[in-house]
Amino acid sequence: MLTDLWQDLRVAARAFIARPVFAAVAVSTIAIAIGATTVVFSVVRGIALRPLPYQEPDRLVSVWPDQFLSYRELLFLREHATSFSAVAGFVPGWSMALTGSGDAGKLEGARVTANLFELLGAPNAQGRSFVPEEEAPGSDRAVVLSGALWHGRFGGDASIVGRRIVLDGEPHTVVGVMPREFEIYQPVTEVWRVLAHDPDEWYHTGNGLFVVARLQPGVTVAQARAELRSLVARMRETFALPDDYGLGADVRSLHAWLVGPLRPTLLLALGAVGFVLFLAGANLANLLLARAAGRDREIAVRTALGASRSRLIRQLLAESALLAAVGGVAGLAIAHWGARAAIGLLPPNTPLSSGVALDSTVLVASLVLTLVTGLAFGLAPALAAARADLQRALRATGGSGIGLTGRRTRSGLVALEVALGTVLLVGAGLMIRTIWQLHRVDPGFRLDHVLTLELQPTGPQFETGMPQVAYYERVFAELEARPDIGPVGAIQHLPLTGFGWGTGIEI
């Protein structure tokens with residue numbers, strides 16, 4: 001059997017070498033489709049389908065995902081919620097200024113409760129994670145660095161653990177380093193600092209924390225949700241909160257919370273490249289049918305010499321499989337470059353984007369997809385060629401002996417290609433029109449001739465509001481004194497960037 005297969009592949013290879021233009025067109029068609037499909041599948045799997053890279057990820061949940069909570073609410077859940085084995089919180093988007101270690105720079109940071117890394121089951125690459133004692137006021141000077149910052153800023157120095165660095169003008173001690181691929185909510189986070197359990201700090205009573213928890217063994221998300229809603233009345237009474245408090249109380253899987261908004265878009269993109277792959281397969285089938293139409297005399301002679309129909313079909317399938325295999329290898333080369341480009345095109349804050357890679361699962365899926373494409377779309381041409389009118393083919397000096405079935409197959413494939421192509425073109429046109437209209441939306445303010453920059457005043461002198469006000473007034477005055485600069489202003493977060501502060505009012 002293997003000897004026959006090897007012989008079929010050798011015959012197919014000689015046939016394609018004799019017709020290099022046909023082989024190049026067919027291989028290019030498959031390569032582009034397989035490459036695009038592999039890239040999109042790697043993105044979809046890395047973000048939406050792959051389990052979270054934490055310990056027992058199916059037991060991790062987001063508590064009250066549509067609302068920030070306060071530290072006192074987190075402590076209440078730790079004390080009274082029996083559905084959770086652990087509860088932790090974090091505050092993303094906390095910029096910190098690094099000085100005293102080369103050039104000054106602004107780091108993207110987050111403040112977390114001491115048990116967050118332990119709750120996630122995330123091991124350190126170097127050192128340790130936080131300990132509960134470091135949540136005490138005045139003891140919150142421990143920091144954990146990201147693997148990217150450790151390698152990029154500190155050269156991967158193994159002696160980084162225990163070193164003191166200056167953040168926001170205050171000395172902090174590096175106690176650990178996380179692996180390069182670790183992330184939680186924001187992939188761009190470079191440093192984590194302990195969130196102190198300080199009743200005098202705003203975060204103790206102010207709403208600023210995302211809360212995550214680990215379910216007790218055997219407890220479902222629905223049971224945890226029901227318990228949280230039963231605790232709302234006690235929380236409302238304990239903290240003297242308004243009557244509408246707790247209307248949005250919910251528990252959701254951490255994976256659904258992180259990637260839920262992205263999932264429909266990613267699956268839509270995967271469906272679109274699936275159409276492209278189907279079009280490429282139909283193109284391959286048509287190319288093989290067209291080639292078979294010119295080989296009717298060859299097939300007739302081989303049949304007359306004793307070749308069975310199954311033997312002819314096997315040979316023709318070997319040819320389509322070889323084309324698909326070569327196209328698949330070329331497609332993986334395209335995907336290797338395309339995956340890097342796709343990661344660069346993702347928005348910076350796309351969660352779990354570090355998981356996008358051409359790993360073994362993606363490669364195996366691409367291999368299977370390539371073989372299925374070659375065999376599935378090579379079967380119809382093989383059957384049509386094997387059923388050709390042999391007497392007509394032997395008598396004919398030109399034309400095709402492929403017969404009515406083959407012509408119908410070709411016509412059906414052409415109609416299918418036109419239909420799928422129309423769907424893709426309409427969808428692409430609607431997408432382009434949507435993007436064009438989004439760019440023309442009036443945001444309510446002028447965008448032309450506006451420059452932005454980020455400032456991070458550092459040092460203990462800026463811990464209160466008035467020195468910060470004086471600092472910015474001086475910056476404004478010096479900038480506005482320049483003849484090439486107009487009005488100058490400041491804002492906490494730029495409009496339309498997804499960040500903002502909210503508060504309730506009573507009328």
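Helices (H or I, at least four residues) and strands (E, at least two) are DSSP runs, numbered from the N terminus. The model is predicted: local features need pLDDT of at least 70, side-chain atom pairs count only at pLDDT 80 or more, and totals for chains, interfaces and linings use all residues. Residues are numbered from 1 along each chain as its sequence is written, and side-chain values use heavy atoms, with hydrogens and water left out.

**Exercise 1. Place Val-259 and Gly-121, and state the burial class of each.**

Step 1. Fix the classes. Buried means under 20% relative accessible area, exposed over 50%, and partly exposed in between (1.4 Å probe, protein chains only).

Step 2. Take Val-259. This residue sits in helix H8 (residues 254-259). Its relative accessible area is 1%, so Val-259 is buried. Leu-352 is 93 residues away along the chain, yet the two C-alpha atoms are separated by 8.2 Å.

Step 3. Take Gly-121. Its place is the loop between helix H4 (116-120) and S4. Gly-121 has 23% relative accessibility and therefore counts as partly exposed. Its C-alpha atom is 9.1 Å from that of Pro-57, with the two positions 64 residues apart along the chain.

**Exercise 2. Describe the lining of the second largest cavity.**

Step 1. Define the search. It runs on a 1 Å grid over the protein atoms alone; a cavity is a set of points where a 1.4 Å probe fits but cannot get out, and lining residues have an atom within 4 Å of a point. Grid points are joined across faces, edges and corners, and a volume is the space filled by probe spheres set on the points.

Step 2. Count and size. The structure holds three cavities of 30 Å³ or more. The second largest has a volume of about 40 Å³.

Step 3. List the lining. It consists of Phe-90, Pro-92, Ala-110, Val-112, Leu-116, Ile-184, Gln-186, Thr-189 and Trp-192. Strand S2 (84-99) and strand S3 (105-112) each supply at least two of these residues.

Step 4. Sort by type. Ala, Val, Leu, Ile, Met, Phe, Trp, Tyr, Cys and Pro count as nonpolar, Asp, Glu, Lys and Arg as charged, and the others, Gly among them, as polar. The lining then splits into seven nonpolar, two polar and no charged residues.

**Exercise 3. Compare the settings of the salt bridges Asp-140 to Arg-111 and Glu-478 to Arg-474.**

Step 1. Set the criterion. A salt bridge is a side-chain nitrogen of Lys or Arg within 4 Å of a carboxyl oxygen of Asp or Glu. The whole structure has 17.

Step 2. Asp-140 and Arg-111 meet at 3.7 Å, N to O. The pair links distant parts of the chain, 29 residues apart: Asp-140 is in the loop between strand S4 (126-127) and strand S5 (142-145), and Arg-111 is in strand S3. Asp-140 is buried at 8% relative accessible area. Arg-111 is buried too, at 3%.

Step 3. Glu-478 and Arg-474 have their closest N and O atoms 3.3 Å apart. Both lie in helix H15 (residues 465-480), four residues apart, about one turn of the helix. Arg-474 has a relative accessible area of 60%, so this residue is exposed.

Definitions and conventions: On a 1 Å grid over the protein atoms alone, a cavity is a set of points where a 1.4 Å probe fits but cannot get out, and a pocket is an open set with protein on both sides within 12 Å along at least five of seven lines; lining residues have an atom within 4 Å of a point.
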